Amino acid sequence: METLNDEGQWIVMMGFLVAIGMFMLAIVISQAPLVGQTTAESVIEFPKNEVQDLRGKLVSMTSTLPDDTNRLTLQKRFREDIALLSMSRNNAIAGFGIDPLNNGNYWHENGTYKDIEYTYHQINIYYNNGITKYNENLLLPEKIQR
Amino acid sequence: MNDEGQLYTIEGVTAGIIMLVTAFTIFNSGIVYTPGDAHISDMQIQQLGYDALLMMDTPGEMAPLSASPLALMILNKSKGTPDNEFVNSFPHYLSLGTGTTDIVDSLEYNATIYHRVTHGGVEKVQSYLFSSSPNSEVSLLTREPAISVTRYVWLPRSPTGYGASEYDNEKQLVLLEVLIWRR
C-alpha cells in the first residue's frame, strides 16, 4: 500500500475549520425568518390595541359620569355595545364593571375607596378572546370638592 | 507524542460531520420559511393601521367623550352619499414619514362600520360600507391577504338619513373595522 502523503495537514485542517464555520453561520442566518415569524405572529395575535382602545373609551366614559344626569343609560349603552360588537367582530368577550362594592353597574357617589383628597372609583375591565385573557382593576380618582 | 495518522483522523472526523450535516439538512427541509410568509409585513401594516385610527380618533378638545375627527367623518357621511374625508386622511396617515414607501404606497383599504341597533326591542348588529380606497376594487384581483384593524368610535348621535330601525339615534359606540392589504 502506498504511503499516505501527510504533508500539509495544517492547511487541510484549517480549510476544514473554515468550512465548518461557514456552515454554522449559514444555520444562524437560516434561523432569521423563523425568529421573525414567531415574533410577528405573537405581535399580531396579542390584542394590545383592542384592549387599549376599550380602556381609553371606558376611562373617557367614566370621566363624564360625575356630571351626567343619566348615568345608567350611558353605562348600559357602553356595556351592551362593547359586549355585542366585540363578540361579533373581534371574537372576544369584553366588558366592564364600575364600583364592585355597589353591584358594579352604576357610578356610586362615594366611590369604592376614599382618602382625604380623592374619591376612587374602581373600574373592572375584562377582555378574553380565547387566547389572551386580560383583567384590570383601574382606580379612577375624583377630586373631592370642598 | 505519536503524531502518525493525523490525516486519517481528520478524514474520519470529516466523514462524521458530513453525515451530521446531511441528517440536519434532511430533517430541516420539511419546513421552508421565506421572509415573505413570515407575517412580518402583516404585523407592520397592522400596527400602522391601529396607529392611524388612534390618531384620527383623538378628540381635538380635552373634554372626554367629545366627538373625535374620526367620529365627525362618520357623522358627516350621511346615508347614500360617498365618504370624502376618511378616504383622504387615512391613506395620508398610513404613508406618513416612515421612509418605508415601498410598503405603504401600495396599501389599499376597505372600511366598514358595525353598529348595534335596538329598535323594536330586538338587538342586532348592522353594518354598512364606510369608505374604501379608489383602487381597492381593481386591486382585489391581485391582492395579498388583508389585515383587519378595528377601533371603537364614540358617536353622539347617528349619521343623517337613517331611519330608527336602521341606526339608533343616540349616544353610542360603533365599531370601525378597516381591512388593509397590499396590492
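How many bridges join strand β1 of chain B to strand β2 of chain B, and do the strands run parallel or antiparallel? The legends below start with that hairpin in this predicted model, then move on to a helix residue, chain A as a whole and the contact of the two chains.

**Figure 1. The hairpin of β1(B) and β2(B).** Here is the reply to the opening question: strand β1 (residues 107-117) and strand β2 (residues 124-132) of chain B run antiparallel, with eight bridges joining them. To find your bearings in the pairing, pick out B:H115, whose bridge partner in β2(B) is B:Q126. Six residues lie between the strands of this hairpin. Have a look at the backbone of B:G120 too, as this glycine takes a positive phi near 75°.

**Figure 2. The surroundings of B:A52 in helix α2 of chain B.** This view settles on an alanine in the helix that covers residues 40-56. Is B:A52 buried or exposed? B:A52 counts as buried because 24 C-beta neighbours fall inside 10 Å, and the cut-off for a buried residue is 20 or more. Leaving aside neighbours within four places in sequence, the contacts of B:A52 are B:F90, B:Y93 and B:L94. For a backbone distance to check on screen, try B:A52 and B:S89: their C-alpha atoms are separated by 9.2 Å, while the two residues are 37 residues apart along the chain.

**Figure 3. Chain A, with its three helices and four strands.** Following the sequence, you meet the elements in the pattern α-α-α-β-β-β-β. Chain A is more spread out than a compact globule, because its radius of gyration is 30 Å, well over the 15 Å that the globule rule gives for 146 residues. Along the principal axes, the C-alpha trace of chain A spans about 105 × 40 × 20 Å. Of the 146 residues of this chain, 20% count as buried. If you like contact statistics, take the contacts in chain A between residues at least 6 apart in sequence: 48% of them join residues at least 24 apart.

**Figure 4. The contact between chain A and chain B.** Chain A brings 36 residues to this contact and chain B brings 31 residues. On the side of chain A that touches chain B, α1 (9-45), α2 (48-64) and α3 (71-89) each supply at least two residues. Which of the elements gives the most to that side? α1(A) does, with 14 residues. Sorted by class, the side of chain A that touches chain B holds 18 nonpolar, nine polar and nine charged residues.

How values were computed
Residues numbered from 1 in each chain as written. Chains lettered and ligands numbered in written order. Predicted model: local features only at pLDDT ≥ 70, side-chain atom pairs only at ≥ 80, totals over all residues. Contact = placed C-beta atoms within 7 Å. Nonpolar A, V, L, I, M, F, W, Y, C, P; charged D, E, K, R; others polar. Pairing = 2+ DSSP bridges. Buried ≥ 20, exposed ≤ 12 C-beta atoms within 10 Å, placed from the backbone. Rg over C-alpha atoms; globule rule 2.2 N^0.38 Å.
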